[in-house]
Amino acid sequence: MEKNGQSQSVYEIMYELAADAIFIVDANSKEIIDCNPSSVKLFEANDKDDLVGRKMTSLMVDSFTKEENIGFERELAENNYFSHETQYKSLKGKLMWGSYAVVRAELNGKLTSIVRIKDLSHIREMQAEIQRSEAGLAAILNSSRELIFLLGKNKEILKFNNTAAEAIKVYWDIDLEQGHSMLDYILPKDLKEFNDNYQKALNGERQSYDKDVPMPDGSTIYYHTVFYPAIDDDGNTIGVTYGVADISERVEQARQVNENVKALREAQRMGSIGSWVWDLKTNVIDRSDQDLRNAGRSLEDYDGTFDSYIQEIHPEDRELVKKLIENCIKKREPADFRYKIVRTDGEVRYMQGKVEFVPDLEDKPLEVRAISQDITERMMAEKELEEAKEAAEAAAAAKSNFLATMSHEIRTPMNGVIGMTSLMLQTELTAEQKDYIETIRVSGDTLLSVINEILDFSKMDSGKMQLEKQPFEIEVVVEQAVNLLSTKANEKGLDLLYHIDENTPPAIIGDATRFRQVLLNLLSNAIKFTDEGSVTILIQCQTCMMDSSYSFLSVEVKDTGIGISKEKQDLLFQPFSQVDSSTSRRFGGTGLGLAISSKLVSLMGGEIKVDSMPGSGSVFSFTVRVPIADAHIKDTTFNKRVKAFVGKKLLLVKDNEYFNTMMAKQLSTWGFTVDSAPCADEAMKLINANTYHMILVEYDLPNMTGLDFIYSLREKYTAKQLPTLLCSRDKLNLTDTDREHVLPVFAEKPLRYSALFRSLNEYLGGEKKTEEQAKEQEKIAKKGSHSLLRILVAEDNLVNQKLAMFMLEKLGYSADLAANGVEVMEALERQPYDLIFMDVQMPEMDGYEATKSVINKYGGNRPTIVAMTANAMEGDREKCLKAGMDDYISKPINIQVIDRALKKWGQII
C-alpha cells in the first residue's frame, strides 16, 4: 500500500502502539518480516530479533492442515480477509488462546500478510470459570439432601434437583417433569397452607414451617419447609423457590438430647452431683436442681447472686474457695478442691468441687462453670479406712517388734548351742559322742534355717524387704552357693556343676546376698529331690537392645531328680505349701523356701518358672534385667582366655558324659582343646594316640580308682611329662609315694572353676609366687598375727561370753570381756584395743550408745567395732553401720565367720 508521508507516520504510530500483536509476514514463505512491541510482549521475546525470520506457523500449537491452508488462501483471495481462533505458544512455552485475523497488503512491492493476534486467554478462562461454577452449582443442588423446586408465578415447576425427583417418585410413584403444577404433588389437607405461604413469598416475604408427613409404609417423616421469592438479574420476581428438608434425624436427636438431659439429671441426683454457671457480667449463678438440693435450698429461697452462694460455704473454707475461684478467672486454669458447706438445716456436708473459666469470642471473661459432689459418705469411709490403716500399721509394728524380740531371744541361746557343738566337734570324742554332737549341731542349723525363712517371709509380707544395689561378681556368688552345698551334694554322690556363658559380664549391680539366697534355695531343693545324677546351674546373659548398660540375666537350676507333676506345680511358690503334705511325706521343710525365692525374684523384676515331669527331673529358671557394673572388674575365671592354655590339650577321665560336656565347655573357654574318656582303658588309648598337656581324673572310675589309673600311667609317662590332677568328693590322705605321681594339689568336688583355674595356671602357665609376693604375704600375716591383735568382747550373756572366748582361743587369739557398754568404756581407759566384738542389746548401756561414746571420745584412733548380735531383722545391719560400727555378724555365729572377720580386719588394722 502506498501512503503519503503523513499517513505513513500515523500508521506507524498506530502499529507501534497497538495493544494487539501485529506481524508483517511474507505471503509466500510465511516468514515474519516485522512485528510490533505488543508481539514481543505477548510471545515473551526479548526483542523483535527473536521473532523476525521465524515462520508464523511455528508460534501456533497446531499448524493448519493442507485443506485448511487451501481454504485460508481461497478466502484471502476472495475477501482479502481471514479470521480464526487457535492456540499459541510463547517462546517460553506459555500456552494462550487468540483470535487470528489476516489481510493481504503489498508493502514496498512485496506481497505480505498483515496478521493481528488478539489475546483471548482471559476471556477463555472466564468462560471456563462460568462453566465450572454452573456445573458446581448444579452438582451442589443435585447432591443436596433437600428437595428444591423453582416454581413460576402460576405454581408451575420450572426447575428441580435430583433429590426432589427421587422423593416424588417414591411418594407418588410418578416421574417429575417440568411444566407440571406443584399443586399436583401437595396433599389436599395441606393445599391451603401451601397456597398461603406461596403467595406471601411471591409478594416478597420469606416463609418457613415444620411439618410431619405420613409415608405409605406407615412411618412419619418430619420436614422443614421454606418459601422465598426467586429474583432474576434485573431484580424482578419471577416465581418462588420452594425447599423441603427432611429433619427426621434432627427431631430424633432432639428427642435423644431430651432423654439424655433427663438421664443426666437423674445421674446427678443419684450421685449427689450438682452444677452451676456463674455469669460474670450479670453476677448471677444458674444452679442445677441437685446443686440446690445438696445445699438444702429451693429456687424460692435463693436470689441467684454469687454472694448468696458463697455464704453457703463453711466459714473455715469460705476464703479458700473464693481465692480458688478468683485464681481460676485470673490465671484461666481449672481448679479441684474439697470444702465444706452448711445446709439450711445446719448440717455440715463435705463437697468435692471443680471450677473452670470460659471466655467469650473476644477472649474476655464470660462465665465460670463448676460441678460439686457431696462426698460426705466417702469422707466418712476414708476416715474409717485411715483408722483401720493406722490400726493395721500398729499391729504390723507390734508384730515386727515381737518378731525382732523373738528372733533375738531365740538366736541368743541358738548361738550357744551351735557354737558349743562346733567347738566340741574339734575335741577328742568317741564315734558315738561325735555322732550325738553332730546331730545336735545339724538340728541347730536346721532350726536356724527355719527361723531365717520365717523372718524373711515376714519382712517380704510386710513390704519391708529392700534390695541393695551394689556391684558384685556373678562367679563369686555362684561359687559361694556351690561351696555351701557341696557337702550335701557329695553325701548323695551328686555332681554339682555350673556353667556361666562367656558373654555374661564379669559383674552386675544388685543384691548379692539375696541373689545368692535364691540360688541356695533352688540348689538345696534340687539336691533334696535328686537321688542320683547331677544338679547344674546354667547362667546366660544377653545385652539389652534398647540400653547396652543393662543385660537380661537368665538363670537355670537343672536337676535329674524325681520331677513334679503339672497339677502340683502351682503349689510350689505358695507359702507354707508342700507338694507332698501327707504325714508320711518323705521330704521335710517349711514350704517357705520357694515362696521366698519367688518374692525375691519378683523384687528383682523377674518371675520364677518351673518345667518338670515326674521321673524326668526339673528346671527352675528366672530372667531379670540388671545394670552392668563399671568395667573396674576386668575379667573373671569363667570367661578369660589364657595365652598359656591356647593350643594345649586336656583329657577328662570321668564316666559321666554330661559332666564331661559341661567341663569341656568351660575348659574350651580358657583356650584348651578337650577330649574325654569314660574309663581308664579308653583314656589310655587316647593318651597313646595323642599328646596331652594335662589329665583331669575322677577318683571313682569303673573297675579301678583314679589313683590306680595314675600309677598305671606312670609306668610309661612321668609326672613332669604328663601332669595329672586328681578329682575327688572327699579330701584324700595321699602318701608320699602317691604325691610323687600326682600333682601336689587335687580338686575337691564340686569343682570350683576359680580353684581349678589357679591349679592349671600354676602348672601349665608357670604362674609361681615371686619372692616379692611371698614377702608381702609374710608381712600381711605378721600384721594380722594373733599375738599382736588386741580384742575386746562386749557380751552380757554368760553362755555367749564363754562361747566367744572359746572360739577365739581355738583360733589362737586372746581377748578380754565386757558385760555392757559402761564396762567397754572403762576397759578402753585401762588399755587400747584393736577390735571390739560388740553385742547390741546389753544392760546399762547398749551397743549403739557404746559405739557412739567410743567414736566421740577416741575419734580416728578408736578400735574397729564389729557388731555381733542376734538382731537379724530387715534394717538391723544398716542400723549398726549407721551407728558407726564397721562390720556386722548375726548370731548364731560359727568359728569360720569369726575367723574370716579377724583375717579381714587383721590385715587392715
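Which residue in S10 is the bridge partner of Val226? Keep that in mind as you read; this note on a predicted model gets to it in point 2.

1. Let's start with a sheet made of 5 strands. This sheet is open, its pairing is antiparallel, and the strand order reads S7-S6-S10-S9-S8. At its edges stand strand S7 (157–160) and strand S8 (207–214); each has a single partner strand, so one side of each has no neighbour in the sheet. From one strand to the next, the twist averages 25°.

2. Now for the opening question. Strand S9 (residues 220–231) pairs with strand S10 (residues 237–246) in the antiparallel sense, over 9 bridges. The bridge partner of Val226 in S10 is Gly243. You may like to find these two residues in the structure above.

3. A helix belongs to this picture as well. Helix H5 (residues 162–172) packs on the sheet, where it touches strand S6 (147–151), S7 and S8. The direction of H5 makes about 100° with that of S6.

4. Further along the chain, please look at another open sheet of 5 strands, in the order S17-S19-S20-S22-S21 and with mixed pairing. Here the edges are strand S17 (495–500) and strand S21 (609–612), each with a single partner strand, so one side of each is left without a neighbour in the sheet. Neighbouring strands in this sheet are turned by 15° against each other on average, direction ignored.

5. Within that sheet, strand S20 (residues 550–559) and strand S22 (residues 618–627) pair in the antiparallel sense over 10 bridges. Phe552 is found opposite Arg625 in S22.

6. Which helices should you look for on this sheet? Helix H13 (residues 474–484) packs on the sheet and touches S17, strand S19 (534–543) and S20; the direction of H13 makes about 175° with that of S17. Helix H18 (residues 657–670) lies across S17, S19 and S20, and runs at about 30° to S17.

7. Last comes a pair of helices. The axes of helix H19 (residues 680–689) and helix H20 (residues 706–714) come within 11 Å and cross at roughly 30°. Because of that angle, H19 counts as roughly parallel to H20. The crossing of H19 and H20 is right-handed.

8. For the residues behind that contact, look at Ala680, Ala683, Met684 and Ile687 in H19, which meet Phe709, Ser712 and Leu713 in H20. Sorted by class, the contact of H19 with H20 has 6 nonpolar residues, 1 polar residue and no charged residues.

Definitions and conventions:
Residues numbered from 1 in each chain as written. Predicted model: local features only at pLDDT ≥ 70, side-chain atom pairs only at ≥ 80, totals over all residues. Heavy atoms only, no water. Axes fitted to C-alpha atoms, helices over the stretch in contact; angles between N-to-C directions. Helix = DSSP H or I, 4+ residues; strand = E, 2+ residues; numbered from the N terminus. Parallel < 35°, antiparallel > 145°, perpendicular 65-115°, else oblique. Left-handed = near helix turned anticlockwise from the far one by under 90°. Contact = heavy atoms within 4.5 Å. Nonpolar A, V, L, I, M, F, W, Y, C, P; charged D, E, K, R; others polar. Pairing = 2+ DSSP bridges.
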